Amino acid sequence: MLGIAGRLASGRGKFSRVLVGFMVAGFACLLATGLAAGWVTQKIQYHSGWVNHTYQVEIAINRASLLIEQEETSRRGYLLTGLPVYREAYDDYAAALPGALDRIAELTADNPVQRAAIGRLRQHVAALEAQRARVTAIMDNGQRAAALIAFANETSIRRMRVIRDQASDMLAEERRLLAERDAEQAASVRAFYVILAVAAGILLVVAITSLLTILRYTRDLASSRDSLRQLNETLEDQVTERTSDLSRANDEIQRFAYIVSHDLRSPLVNVMGFTAELSTAAKPLTDLIDVVEEKAPELLTQEMKLAAREDLPEAIGFIRTSTQKMDRLINAILRLSREGRRVIAPEPIDLAAIADNAVAAIRHVIDDRGATVTVERPMPDLVSDRLAVEQILSNLIENATKYLQPGRPGQIRISATRARDRVIIAVADNGRGIDPRDHQRIFDLFRRSGTQDQPGEGIGLAHVRALAYRLGGTIDVASRLGEGATFRLNLPATYQIPQENAAA
Amino acid sequence: MNQHQPVGIVMIEDDEGHARLIEKNIRRAGILNDVRHFTDGTSALDFLFEAPDGPAKNGPALILLDLNLPDMSGTDILARIKAEGSPLRRAPVVVLTTTDDKVEIQRCYDLGCNVYITKPVDYDSFAQAIRQLGLFLTVIQVPDIEPAE
């Protein structure tokens with residue numbers, strides 16, 4: 001049983017450690033996945049910003065290119081028609097152009113390639129603007145023909161192409177950057193998926209292992225429970241077996257006690273008989289000494305007189321008192337063994353009534369000793385041997401009134417409680433108490449405790465204990481010198497007749 | 001006492017001391033009949049049933065029986081004496097033993113024992129009991145033995 005309990009305990013420890021380990025691993029995986037997701041989201045956000053930036057740059061470049069083209073268109077309209085509406089439009093576009101270029105510069109300030117490109121663009125645009133301004137100024141002076149000649153001479157179409165190429169280079173550069181960032185984003189998304197896959201794998205492993213561990217533990221539990229149940233089932237058999245062993249041993253001891261005490265009586269009859277014969281024979285001897293002393297004292301020695309008158313009677317007296325004591329002791333053993341052979345007849349018992357009876361039976365003794373006895377009610381039901389319980393109680397009550405503390409009126413309380421399938425009967429007194437060293441001894445045959453100022457052979461409590469054992473119970477005492485004593489009789493609430501008593 | 005033949009007393013007692021004390025006290029009561037003493041059951045039975053001068057073949061007897069014998073139980077001897085067809089079944093048997101067990105006493109009377117006496121350990125009572133038994137023996141009528149066919 002201990003083995004199984006130990007295995008269970010250590011199994012539980014290991015089991016919970018493993019389970020906690022798995023849970024930690026699972027949570028770590030989840031945490032890692034969350035962190036990876038956050039990181040990837042941040043990456044994507046960052047990247048989206050840059051994509052947006054690229055588009056803004058593209059828009060800015062396109063706007064600048066458009067302004068340049070529109071400026072050119074309105075200038076040509078002006079040169080052709082001389083209408084101020086073209087001139088105004090040209091001015092508007094020319095005025096907007098530096099702002100558009102600044103916007104590009106602003107957006108691409110972080111990129112040295114684009115910065116260099118915008119620098120070149122600015123140079124070309126400045127040269128173009130200067131040329132346009134010159135031609136336009138000629139036109140403004142009303143020299144339309146001169147202006148047209150100047151227009152025809154100028155190389156603006158080549159310069160325009162350069163500017164267009166420059167702009168498309170810048171656009172290409174931005175596209176390249178965009179592609180680069182797209183690749184980066186794809187990489188981080190891939191990384192995210194890898195992390196996700198790894199985490200999912202680990203989680204799966206953790207889940208499966210946890211499941212297996214739990215399954216194994218459950219199986220262990222089930223098998224432990226089975227073996228426990230089996231143990232429980234055999235326990236009853238074992239208890240029955242032990243009980244029958246015990247009762248066999250007990251029967252043997254009883255028989256032994258009976259035979260021994262019986263056979264001891266035989267020689268004792270002789271010892272006592274011949275002592276009496278000796279005593280009878282000593283009488284004529286003493287008479288002879290008396291006669292001789294009277295008639296021929298010279299024949300007598302002091303020794304003879306002493307032997308006949310003192311030594312013989314003294315020896316005979318000692319032999320007699322000793323054999324008488326031995327007879328009492330043997331009778332006590334005989335009585336105990338006879339009690340042990342009595343058949344126990346369980347019946348429902350009114351404990352309180354029995355206690356009352358026991359008190360009433362020795363009422364005169366209790367009154368003589370000036371003690372009061374209280375029987376506390378209610379008392380639990382008990383099914384046991386009436387006679388045995390009565391004898392135990394009256395013995396305990398008698399003892400309680402016998403060993404009082406001098407100068408303190410005796411108060412004895414008898415109570416009973418039920419504790420599961422046992423009934424505990426307590427006889428508590430306020431007497432002189434029992435030295436804790438003697439708590440076991442007093443239940444032994446012929447053993448007594450404390451001042452030997454009361455008559456008795458040391459049989460009562462031995463008898464009580466033998467009875468308690470016979471009823472399937474136990475008896476013990478709680479006491480300290482001078483502070484009273486409480487005897488507790490613990491009996492089965494229902495006496496079970498031993499099954500294998502017949503084996504004896 | 002029988003008029004024609006003196007009644008012999010057969011004492012079956014394994015303890016020499018007890019036997020001596022019993023005999024002493026019987027004599028003190030004035031019984032002068034012959035006392036044959038046996039310390040075991042086998043020789044006692046042999047004498048009772050087989051011996052030419054034993055009671056079965058030769059005259060009436062009174063039996064003093066102890067129950068605790070080394071070779072057999074006194075109740076076995078009692079059963080043999082009181083058995084149907086036994087020549088001694090009318091011979092008075094006084095069981096004189098240390099056993100005061102109620103069951104044992106009942107059993108002895110069931111088997112046909114005539115008197116059951118528990119030996120008191122106290123010698124005065126013991127001597128008294130034996131002397132009274134002696135007085136009882138002086139007045140008891142013992143039937144003749146029917147010789148075995």
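**Helices, cores and a chain contact**

Student: Hi! Which residues of H2(A) meet H3(A)?

Tutor: On the H2(A) side they are A:Tyr90, A:Ala94, A:Leu97, A:Leu101, A:Ile104 and A:Ala105, and they meet A:Ile118, A:Arg122, A:Val125, A:Glu129 and A:Thr136 of H3(A). Contact means C-beta atoms, placed from the backbone, within 7 Å. Helices (H or I, at least four residues) and strands (E, at least two) are DSSP runs numbered from the N terminus.

Student: What classes do those contact residues fall into?

Tutor: Eight are nonpolar, one is polar and two are charged. Here Ala, Val, Leu, Ile, Met, Phe, Trp, Tyr, Cys and Pro are nonpolar, Asp, Glu, Lys and Arg charged, and the others, Gly among them, polar.

Student: Anything I should know about the model?

Tutor: This is a predicted model, where local features need pLDDT of at least 70 and side-chain atom pairs count only at pLDDT 80 or more, while totals for chains, interfaces and linings use all residues. Residues are numbered from 1 along each chain as its sequence is written, with chains lettered from A and ligands numbered from 1 in the order written.

Student: OK, chain A again. Which residues have the most contacts inside the largest nonpolar core?

Tutor: A:Ile392 and A:Ile397, in a core of 45 residues. Such a core joins buried Ala, Val, Leu, Ile, Met, Phe, Trp, Tyr and Cys residues through C-beta atoms within 7 Å. A residue is buried with 20 or more other C-beta atoms within 10 Å of its own, exposed with 12 or fewer, and partly exposed in between; C-beta atoms are placed from the backbone.

Student: Which elements give two or more residues to this core?

Tutor: Among them are helix H7 (351-361), helix H10 (460-470) and strand S7 (485-492) of chain A. H9(A) gives the most, with seven residues.

Student: And what does A:Ile392 touch?

Tutor: Leaving out residues up to four places away in sequence, A:Ile392 touches A:Val464, A:Leu467, A:Ala468 and A:Leu489. Another core, of 37 residues, lies apart from that one and includes A:Val269, B:Val7, B:Ile63 and B:Leu65.

Student: Switching to chain B: how many of its residues are in contact with chain A?

Tutor: Eleven residues of chain B are in contact with eleven of chain A. H1(B) supplies the largest share of chain B's side, three residues. By class, that side has four nonpolar, four polar and three charged residues.

Student: How many helices and strands are in chain B?

Tutor: Five helices and five strands, running β-α-β-α-β-α-β-α-β-α from the N terminus on. Of chain B's 149 residues, 35% count as buried.

Methods
Two residues are in contact if their C-beta atoms, placed from the backbone, lie within 7 Å.
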